[in-house]
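Subject: Structure for you to look at

Hello,

Here is the structure I promised to pass on. Please open it and keep it in view while you read the notes below.

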Amino acid sequence: MLDNYTPAALKEVAGRLKEEWPHVTIEASGGITSATMPDFFSPHVDIMSQGALTNGYATLDFSLKVPKPAAFERERAVKS
């Protein structure tokens with residue numbers, strides 16, 4: 001991810017990175033708006049991110065912690 005680059009610097013750095021590692025995905029972000037996005041277009045940039053799409057919205061904090069099934073704990077105890 002190339003974050004907070006000027007359009008000219010982004011194009012230069014992205015070009016050098018793709019020349020050395022063509023398989024790497026290059027993402028541009030930071031300060032990119034709908035109005036300025038065309039300035040950041042480059043054949044070396046694969047993805048552009050716009051924080052404005054998510055800024056200013058309420059968040060939801062949640063966890064995906066799931067207790068282990070009892071059968072898993074029993075099996076683990078037998079192997080120990």
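Let's begin with the charged pairs. The count of salt bridges comes to 2. Keep in mind that this is a predicted model. Side chains of opposite charge can pair when their charged atoms come close.

Take the pair within helix 1. Glu-12 and Arg-16 form a salt bridge, with 4.0 Å from N to O. They sit 4 residues apart in helix 1, which means about one helical turn separates them. An α-helix has 3.6 residues a turn, so residues three or four places apart point the same way. Are these side chains buried or exposed? Glu-12 is partly exposed, at 48% relative accessible area. Arg-16 has 52% relative accessibility, so it counts as exposed, because the cut-off for exposed is over 50%.

Now the other pair. Lys-18 makes a salt bridge with Asp-46, and their closest N and O atoms are 2.8 Å apart. Where do the two partners lie? Lys-18 belongs to helix 1, while Asp-46 is in the loop between helix 2 and strand 3, so the salt bridge ties together parts that are 28 residues apart in sequence. Lys-18 has a relative accessibility of 15% and therefore counts as buried; the cut-off for buried is under 20%. Asp-46 is partly exposed, with a relative accessible area of 42%.

Next, helix 1 itself. It covers residues 7-20, which is 14 residues. How far apart should its ends be? At 1.5 Å a residue, helix 1 should span 20 Å. Its end C-alpha atoms are 20 Å apart, so the model agrees with the expected span.

Which residues of helix 1 are buried? They are Leu-10, Val-13, Ala-14, Gly-15 and Lys-18. You have met Lys-18 already, as the partner of Asp-46. The buried residues of helix 1 pack against strand 1, strand 2 and helix 2, which runs over residues 37-40.

Last, the sheet. It is open, has 3 strands in the order 1-2-3, and pairs them in parallel. Strand 1 (2-3) and strand 3 (47-48) are at the edges, each with a single partner strand, so one side of each has no neighbour in the sheet. Strand 2 takes in residues 27-29, and it pairs with strand 1 in the parallel sense over 2 bridges. To see this pairing, find Leu-2: Ala-28 in strand 2 stands opposite.

Best wishes

Notes: Residues numbered from 1 in each chain as written. Predicted model: local features only at pLDDT ≥ 70, side-chain atom pairs only at ≥ 80, totals over all residues. Heavy atoms only, no water. Pairing = 2+ DSSP bridges. Expected span 1.5 Å × (residues − 1). Buried < 20%, exposed > 50% of the residue type's maximum accessible area, 1.4 Å probe, protein only. Contact = heavy atoms within 4.5 Å. Salt bridge = Lys/Arg side-chain N within 4 Å of Asp/Glu carboxyl O.
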